[in-house]
Amino acid sequence: DDLQPLIKQKVKACSQLQNSKMFASVLDYLLAIGNFLNKNAGKEMAKGFSLSCLPKVVDLRGKDRTFTLLHALVDQIMLLEPDLTNFPHELTEFEEVPGDSIKGLIAEVGGLKNEMGKITLNREILKPKNKNSSDMQFYKELKSIVEKHEVELSQLSKQCDEMKKLYSAILVRFGEPQDRDSEVMFGWISSFIKDFRKVVAEQNKCRLNTVQK
């Protein structure tokens with residue numbers, strides 16, 4: 001019961017990330033800006049970048065130390081496609097830094113399946129040979145409880161498989177290695193959303209002050 005809501009949350013987070021066209025467009029803008037800087041620095045053009053770069057956009061600064069790569073990204077988006085500033089609305093499951101790695105949840109479900117296998121084996125060992133034995137009622141009650149948990153575990157296992165499949169697809173989509181820890185990667189995205197929103201709010205405030213003057 002404790003694992004089911006965690007797995008459902010991960011499935012929802014993976015689905016949002018897989019289906020978010022706006023987030024993909026924001027990453028395209030970031031790649032374009034990065035390649036513009038690479039060109040000016042005489043470096044090769046990049047075809048893509050790791051999501052591990054997302055936390056660094058607040059650290060890369062120009063001559064004006066208050067102006068970061070993230071500010072440049074937000075400026076371009078607000079100028080050309082302002083609707084993209086709403087991309088966090090497509091990734092509501094990343095409002096908070098996600099805990100519990102997908103790898104860890106898969107391991108926990110695997111552990112439950114192993115334990116259930118042992119219980120099922122022991123249940124058969126406990127089965128009374130005499131159907132009229134007083135132990136038969138206990139065995140029937142035990143069997144009913146075990147079968148109920150087997151059904152629940154089967155459903156949990158299916159949800160776990162869906163989560164694993166979705167996460168693998170996300171890693172392929174964003175060019176990340178298959179062993180990338182979800183807790184780390186989702187943390188990058190969550191932090192990026194928080195920083196992005198902060199800069200958008202700053203830029204909107206500046207624009208408002210300019211208009212009022």
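**Close-up views of a predicted model**

**View 1. Helix α2 and the glycine after it.** Just past the end of α2 comes Gly42, a residue with a positive phi, near 75°. Everything shown here and in the views below comes from a predicted model. Helix α2 itself is made of 20 residues. From its first C-alpha to its last it reaches 29 Å, close to the 28 Å expected at 1.5 Å a residue. At the start of the helix, look for Ser20: one of its side-chain oxygens comes to within 3.1 Å of the backbone nitrogen of Phe23. Phe23 is also one of the buried residues of α2, a list that includes Met22, Leu27, Tyr29, Ile33 and Asn35.

**View 2. The second largest pocket.** Here we stay with α2, since this helix (residues 21-40) gives the most to the pocket lining, with six residues. The pocket has a volume of about 260 Å³, and 14 residues line it. To find its centre, look for Gly34, Phe49, Cys53, Leu60 and Leu69, which lie nearest to that point. Sorted by class, the lining holds nine nonpolar, four polar and one charged residues.

**View 3. A salt bridge between distant parts of the chain.** The structure has five salt bridges, and this view shows the one between Glu95 and Arg197. Their closest N and O atoms are 2.7 Å apart. Glu95 sits in the loop between α3 (69-80) and α4 (102-126), while Arg197 belongs to helix α6 (residues 182-212), so the pair joins parts of the chain 102 residues apart. How accessible is Glu95? Glu95 counts as partly exposed, because its relative accessibility is 38%. Arg197 is also partly exposed, with a relative accessible area of 32%.

**View 4. A salt bridge within helix α4.** Glu115 and Lys118 bring their side chains together in a salt bridge, at 3.7 Å from N to O. Because they are three residues apart in α4, about one helical turn separates Glu115 from Lys118. As a rule, an α-helix has 3.6 residues a turn, so residues three or four places apart point the same way. Glu115 has a relative accessible area of 43%, which makes it partly exposed.

**View 5. A salt bridge within helix α5.** In this last view, Lys148 and Glu152 meet through their side chains in a salt bridge of 2.8 Å, N to O. Both residues belong to helix α5 (residues 135-173), where they lie four residues apart, about one turn of the helix. Glu152 is partly exposed, at 30% relative accessibility.

Notes
Residues numbered from 1 in each chain as written. Predicted model: local features only at pLDDT ≥ 70, side-chain atom pairs only at ≥ 80, totals over all residues. Heavy atoms only, no water. Salt bridge = Lys/Arg side-chain N within 4 Å of Asp/Glu carboxyl O. Helix = DSSP H or I, 4+ residues; strand = E, 2+ residues; numbered from the N terminus. Buried < 20%, exposed > 50% of the residue type's maximum accessible area, 1.4 Å probe, protein only. 1 Å grid on protein atoms, 1.4 Å probe; cavity = no way out; pocket = protein on both sides within 12 Å on 5 of 7 lines; lining within 4 Å. Points joined across faces, edges and corners; volume = space filled by probe spheres on them. Nonpolar A, V, L, I, M, F, W, Y, C, P; charged D, E, K, R; others polar. Expected span 1.5 Å × (residues − 1). Polar contact = N/O pair within 3.5 Å; in protein donor to acceptor, adjacent residues only side chain to side chain.
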